[in-house]
Amino acid sequence: MYRRRVPAPGGDATVHSSMIGKVEKAMRYAHEQDRVKLEKLTASFAGDNGTHTVSLDADTWHCDCHFFVAAGGCSHTLAVQKMLDPMLSDASRETPLYGHIEVASPA
Ligand SMILES: [Zn+2]
């Protein structure tokens, strides 16, 4: 690990222990994904039949595949929604896909 020796006001020990505190807090935060809410992202998605660009902006998903245009959601956006679920707002967790699924009710 690279460590630069920089004289700091208050002395190295103070800065060092403060940095340890920050890193320890970050390690705790890293397990608390719901602290982070994604507001905007763009990702490439390697689907079985090709790579697609999936994006989220202002709680609205978009994908450049043909199915998305027709249904307003697709396997790519839904998969990304599931991967990122703890970091999404309630609105960006929604998908129109489930509304298209016909659920066979037990007789
Ligand atoms: Zn798609």
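**Exercise 1.** Along E3, which side chains point to one face and are buried, and which point to the other and are not?

*Solution.* The model is predicted: local features need pLDDT of at least 70, side-chain atom pairs count only at pLDDT 80 or more, and totals for chains, interfaces and linings use all residues. Residues are numbered from 1 along each chain as its sequence is written.

Step 1. Take the cut-offs. Strands (E, at least two residues) are DSSP runs numbered from the N terminus. A residue is buried if 20 or more other C-beta atoms lie within 10 Å of its own, with C-beta atoms placed from the backbone.

Step 2. Read E3. Its side chains alternate. Trp 61 and Cys 63 point to one face and are buried. Thr 60 and His 62 point to the other face and are not buried.

**Exercise 2.** Place E3 in its sheet.

*Solution.* Step 1. The open sheet has three strands, ordered E1-E2-E3, with antiparallel pairing (at least two DSSP bridges between two strands).

Step 2. E1 (40-47) and E3 (60-63) are the edges; each has a single partner strand, so one side of each lacks a neighbour in the sheet.

Step 3. Four bridges join E2 (residues 50-57) to E3. Ser 55 stands opposite His 62, and Asp 57 opposite Thr 60.

Step 4. Two residues separate E2 and E3 in their hairpin. Ala 58, in the turn, has a positive phi of about 50°.

**Exercise 3.** Which residues make up the largest nonpolar core?

*Solution.* Step 1. A nonpolar core joins buried Ala, Val, Leu, Ile, Met, Phe, Trp, Tyr and Cys residues through C-beta atoms within 7 Å.

Step 2. The eight residues are Val 54, Leu 56, Trp 61, Cys 63, Cys 65, Phe 68, Cys 74 and Val 80. E2 and E3 are the elements giving two or more residues.

How values were computed:
A residue is buried if 20 or more other C-beta atoms lie within 10 Å of its own, exposed if 12 or fewer, and partly exposed in between; C-beta atoms are placed from the backbone.
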